[in-house]
Amino acid sequence: VRPNTIAKSLAIGNPADGYYALQIVEQTRGALEAVNDPEIVEGIRSLARTAGIFAETAGGATIGVLKKLVSSGQIDPDELVVAYITGNGFKTTDAVADHMTPALRIAPTLASFEAAYSGQR
């Protein structure tokens with residue numbers, strides 16, 4: 001299986017530990033969920049809007065799944081949840097380029113950065 005998704009880091013057709021992950025969910029009476037590409041993009045947007053974090057697509061998937069688990073009652077909305085978002089969005093800008101507009105574009109030169117930075121202060 002070759003998944004067709006913007007979340008390239010998660011697009012593993014037959015993950016080596018997939019069986020074990022499902023087994024742990026069952027043993028702990030946990031929950032799992034899946035998200036599609038629009039839900040991943042919305043997760044990235046939500047994290048950026050609420051926490052100021054520009055996540056890569058896997059982070060967007062994490063937030064999208066958490067949202068679905070809250071909506072379905074699997075997670076209490078008042079429960080404290082920790083989401084490990086370890087990859088930044090600069091790794092996967094191509095995946096969200098059509099969905100988001102950067103606040104500022106800066107040429108890859110020190111002079112361009114300094115000019116933009118001085119204009120933001």
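I take a residue as partly exposed when its relative accessible area lies between the 20% bound for buried and the 50% bound for exposed. The model I examined is a predicted one.

**Entry 1: L104 and its patch**

I looked up L104 and found a relative accessible area of 43%, so L104 is partly exposed. I located L104 in the loop that runs between helix 4 (93–96) and helix 5 (110–120). I then asked which residues make a nonpolar surface patch with L104. The patch is made by L104 together with I106, L110, F113 and Y117, and I noted its area as about 500 Å².

**Entry 2: the loop between helix 1 and helix 2**

I examined R29, which sits in the loop between helix 1 (18–27) and helix 2 (37–51). Its phi is near 55°, and I recorded this as a positive value in a residue other than glycine. Is R29 buried or exposed? I count R29 as exposed, because its relative accessibility is 77%.

I turned next to A31, which is also placed in the loop between helix 1 and helix 2. A31 has a relative accessible area of 33%, and therefore I list A31 as partly exposed. Setting aside residues up to four places away in sequence, I found that A31 touches V25, L69 and Q74. I also checked A31 against D78, which is 47 residues apart from it along the chain. The C-alpha atoms of A31 and D78 are separated by 17 Å.

**Entry 3: helix 2**

I compared the length of helix 2 with expectation. Its 15 residues, at 1.5 Å a residue, should span 21 Å, and I found its end C-alpha atoms 21 Å apart, so the two values agree.

I then asked which residues of helix 2 are buried. I recorded I40, V41, G43, I44 and L47 as buried. They lie on the same side of helix 2, because the arc they cover around the axis is only 155°. I noted the general background to this pattern: an α-helix has 3.6 residues a turn, so residues three or four places apart point the same way.

What do the buried residues of helix 2 pack against? I found that they pack against helix 3 (57–71) and helix 4. On the other side of helix 2, I recorded P38, R49 and T50 as exposed.

I ended with G52, which comes just after helix 2 and takes a positive phi of about 70°.

Key:
Residues numbered from 1 in each chain as written. Predicted model: local features only at pLDDT ≥ 70, side-chain atom pairs only at ≥ 80, totals over all residues. Heavy atoms only, no water. Patch = residues over 30% accessible without salt bridge, like charges linked within 9 Å, V, L, I, M, F, W, Y side chains within 5 Å. Areas by Shrake-Rupley, 256 points an atom, 1.4 Å probe, with all protein chains shown as cover. Salt bridge = Lys/Arg side-chain N within 4 Å of Asp/Glu carboxyl O. Helix = DSSP H or I, 4+ residues; strand = E, 2+ residues; numbered from the N terminus. Buried < 20%, exposed > 50% of the residue type's maximum accessible area, 1.4 Å probe, protein only. Expected span 1.5 Å × (residues − 1). Arc of directions from axis to C-beta. Contact = heavy atoms within 4.5 Å.
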